[in-house]
Number of protein chains: 2
Amino acid sequence: MTKIDDVARLAGVSPATVSRALRGLPTVSAATRSRVLAAAEQLQYAVSPSASRLAGGRTGTVAVVVPRITRWFFGVVVEAAEDFFHRAGYDLLLHNLGGREQNRQRVLHATHLHKRVDAIMLVATPLRATDVTALAALDLPGVTISSGTTVPGWPCVRIDDVAAARTATRHLLDLGHRRIAHISGDPDDELAFSAHLDRRRGHQEALRAAGLQPDPSLDVESSFDIAGGTRATEELLRRGDPPTAIFAACDEMAMGALTALRDAGLRVPQDVSVIGIDDHALSGVLGLSTIAQPAAEQGRLAAQLLLDPLCGRALDADVSKPDASVILDTRLVVRDSTAPARAN
Amino acid sequence: MTKIDDVARLAGVSPATVSRALRGLPTVSAATRSRVLAAAEQLQYAVSPSASRLAGGRTGTVAVVVPRITRWFFGVVVEAAEDFFHRAGYDLLLHNLGGREQNRQRVLHATHLHKRVDAIMLVATPLRATDVTALAALDLPGVTISSGTTVPGWPCVRIDDVAAARTATRHLLDLGHRRIAHISGDPDDELAFSAHLDRRRGHQEALRAAGLQPDPSLDVESSFDIAGGTRATEELLRRGDPPTAIFAACDEMAMGALTALRDAGLRVPQDVSVIGIDDHALSGVLGLSTIAQPAAEQGRLAAQLLLDPLCGRALDADVSKPDASVILDTRLVVRDSTAPARAN
DNA sequence: CTGAAAGCGCTTACAG
DNA sequence: CTGAAAGCGCTTACAG
C-alpha cells in the first residue's frame, strides 16, 4: 500500500509537509498544498489510522454506550449522534449493553476505553461511585444522556422526567380518573436507569397534589419494554379491582399494556385509559396518548456538546459549562388511548 | 500511562515476552506468564491499541454498515452481531447510512475502511459494480446480509424474499381475495435494496399462479417505512375501487397502512386485510399478520461466518464456502389483520 | 513556510 | 522458551 513517503517523493516535499498539507494545517503554502493533494490523489493515498493515532495521540473515534439499541429511544439517539459524529469526521464505536450488567462493567472498566477513543457518550447508563471515579480518571471528555449520576466535567442532556410523569398522571386525573396504576421498570435491575425512579416520583407527586395517596397495589414493576408492559398489566389485572387508567413509564411498556388489556377483553379507552412517555414512532399508529420527548434532538445536542470543544469551536453561552444539565422540553400528546373516566 | 517496558521491568523479562504472555501465545512458560500477568495487573497496564495495530497489523475492529439503525430489522441485526463481536474481542464501528446515498459512497470509498478494520459486515447495502470492485480490492474478509449483489469471496446471509412474498400473497388468495394491492419501497431510491424487487416478484408470481394478472394500479411505491406505508395506502385509496387486501413489503409499511385505513374509515380486517413481512416487535401488539423472518439469527450467523475464519476456527461444512448464500427460513404468522374476503 | 530527526508503543522475525 | 533489534507509518517539536 502506498504510504506518506511515496506521496512526499512524488510531490517533491518532505513527509512532514505531506502530513501538514493533508490535514489542512495553515502552515503550508497554497502551491505546495495543491501539489501534495494531487500526488495523494494520484497514488490513492489514505493515511494509516493506527500510525496517525500512535504518533498524534488522537483516535478520531467516539465511544457510544447504550443499554439496548433495539429500543426506540436509543436507536433514535444513536442515529442522530452518528450523523453528527461522521460529519465532524469521527468514527463511532458502538457498545450495546444488551441488558447485561456484565457488559456494563466490561465497557466501563478503566482500561477498556483508554487510548481507544477521544471521547465518550453514555446513554442511560447507570453509574456507581467507582465507575464515576474510573471515568474521571480516564481524563477524556464525555457527555451523558438521561443519566441520574453525573460525571464531573461532563455535561448531561436530558428531559425533566419528574415533570413529564407529573404531566402524564395529571392528564389522567383531569379526565376524572382516581384509580391510576403505574407500571415501570424494575429498580432491582442493575441496568435500571434513573428515569424509572424519577417518573414514579412525578406520578406520585401528581397523585398527592390531587389529594390521593399512592396505592402500592397499583404500582407494578417489570422490564422496561413491550413484554414487561404486558406482564405488569397482567399482574395488575390479577390483583382484582382493576384501575381505570394506567400510566406506563415508557411507550413500549404502554404498548405491552394495550396487548394485555385487549387479551383480557378490556377496551381502551372505554374501560381503561393508557398513557406512556416517549412518542415512539408507532404511538401514532396505535393511537397512544403520550408525553413526547425529543430523542433525536438529545442525541444531536449531546454529540455537539461533546465535539465542539474537541474541534475548537466555541459553545453557546448557555450550554458552555460542563457539569451543566441541558434539559429539553416534553409535551403532552393526546390521542385515542385516554378518555374521561366513566361515572360509576 | 504505564507501558509495556514498565511491565517488562517489573516482571524481569523483555517487552517481547510481555507481549507474548499478555496475548496468550503458547510459547511462554507458565511461570513467566503468571509473573507477567501479576505485574500487568499491579501496574493496571492496558495495551495501546494504536501501537498494537501499527505493529501487528490487526485492528480488532469490524465495520458494520446499515441503512437505518432505527428500523426494526437493522436494530435487531446489529444487536445480535454486536454481541457476537464483543464476545470474540472485536469492537464494532457503526456506519448508519441514514437514508443518504452520499453516506453510502463515503463509507464504501476505497480508502475509508482501509486499515481501519479487519472485516466488514454490509447489511442491506446496495452495491454497484464499482463498489464491488473497490471492496474486493480492499482484500478484507466480509459478509453481507440481505444483499442482492454479492461480493466475491464473501458469504451472504438472507431469507428467500421471493418465497416469503409468495407465501404472503398466497395467504391472501387462500382467503378469497382477488383485488390484492402491493405497497413497497421506491426502487428509484438509490438506497433501495434488492428485497424490494424480490418481494414484488414473489407477489406477482403468486398472483399469476392463481391465474391473476398483476394490476399496476394496485402497486404503489413509497419509502420503506411507516410513513411510506401510510402515503402508499392513501394513494391507493385515492385511485378509487380500493383493494380488499394489501400486502406490504415490510411490517413497518403495513403499520403505516393500518393508520391510513383507519383514518379513511376502513376496518381491518373486515373491509381490508393487511399482511407484511418481518414479525416486527410490535406486530403482535397490532395484531398484524406477517411472514416472520429471523433477524437476530441473521445477525449472529453473519457475525460468526465473518469471525470464525479470523479466529482460526473451523466452520460448519455447509456454510464453509465463501460466496455461499445461507438462506434462513421464514414462516407465516396469522393474526387479526387478515380475514376472508367478503362475498360481494 | 519547510525539513531532519526523534519518537509514539507496540509486534515480529531472527537468533539462540 | 526468551531477548535484542528492527520496523510498523505516521506526527511533533525544533531549527531554520
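In this predicted model, one side of helix α3 in chain A is tucked away: A:Thr32, A:Val36, A:Ala39 and A:Ala40 are all buried. Looking down the axis of α3(A), these buried residues sit within an arc of 100°, so they line one face of the helix. That fits a general rule: an α-helix has 3.6 residues a turn, so residues three or four places apart point the same way. The buried residues of α3(A) pack against two other helices of chain A, namely α1 (4-11) and α2 (15-22). Over on the other side of α3(A), A:Ala30, A:Ala31, A:Glu41 and A:Gln42 are exposed. As for its length, α3(A) covers residues 30-43, which makes 14 residues. From first C-alpha to last, α3(A) reaches 20 Å, close to the 20 Å expected at 1.5 Å a residue. Right after the helix comes A:Gln44, with a positive phi near 55°.

Next up is the DNA, beginning with strand D. There are 25 residues around this strand, and A:Ser19, A:Tyr45, B:Thr17, B:Arg20 and B:Thr32 come nearest. Of the strand D atoms that come within 4 Å of the protein, 72% belong to sugar and phosphate. A few side chains of chain A show what these approaches look like. The side chain of A:Ser19 has an N or O atom 2.2 Å from a phosphate oxygen of strand D, while that of A:Tyr45 has one 2.8 Å from a sugar or linking oxygen. A:Arg20 goes for a base instead, with a polar side-chain atom 3.0 Å from a base nitrogen of strand D. The elements giving two or more residues to the surface near strand D are α2 and α4 (49-56) of chain A, along with α2 (15-22) and α4 (49-56) of chain B. The top contributor is α4(A), with four residues. Sorted by class, this surface has 12 nonpolar, nine polar and four charged residues.

Now for DNA strand C. Here, too, 25 residues surround the strand, the closest being A:Thr17, A:Arg20, A:Thr32, B:Ser19 and B:Tyr45. Sugar and phosphate make up 73% of the strand C atoms that come within 4 Å of the protein. On the chain B side, B:Arg20 has a side-chain N or O atom 3.0 Å from a base nitrogen of strand C. Phosphate oxygens of strand C are met by B:Arg23, at 2.9 Å from a side-chain N or O atom, and by B:Ser52, at 3.5 Å from a polar side-chain atom. For strand C, α4(B) gives the most to the nearby surface, with four residues. The residue classes of that surface are 12 nonpolar, nine polar and four charged.

Away from the DNA, B:His177 sits in the loop between α8 (161-174) and β6 (180-185) of chain B. B:His177 has a relative accessible area of 2%, so it counts as buried. Its side chain makes a polar contact of 2.6 Å with that of B:Thr244 and another of 3.3 Å with that of B:Ser273. Leaving out residues up to four places away in sequence, the residues B:His177 touches include B:Leu172, B:Ala245 and B:Ala341.

Over in chain A, A:Ala341 lies in the segment after β12 (331-333). At 25% relative accessibility, A:Ala341 is partly exposed. Not counting residues up to four places away in sequence, it touches A:Leu175, A:Gly176 and A:His177. A:Ala341 and A:Leu172 are 169 residues apart along the chain, yet 8.6 Å separates their C-alpha atoms.

How values were computed
Residues numbered from 1 in each chain as written. Chains lettered and ligands numbered in written order. Predicted model: local features only at pLDDT ≥ 70, side-chain atom pairs only at ≥ 80, totals over all residues. Heavy atoms only, no water. Expected span 1.5 Å × (residues − 1). Buried < 20%, exposed > 50% of the residue type's maximum accessible area, 1.4 Å probe, protein only. Arc of directions from axis to C-beta. Contact = heavy atoms within 4.5 Å. Near = heavy atom within 4 Å. Polar contact = N/O pair within 3.5 Å; in protein donor to acceptor, adjacent residues only side chain to side chain. Nonpolar A, V, L, I, M, F, W, Y, C, P; charged D, E, K, R; others polar.
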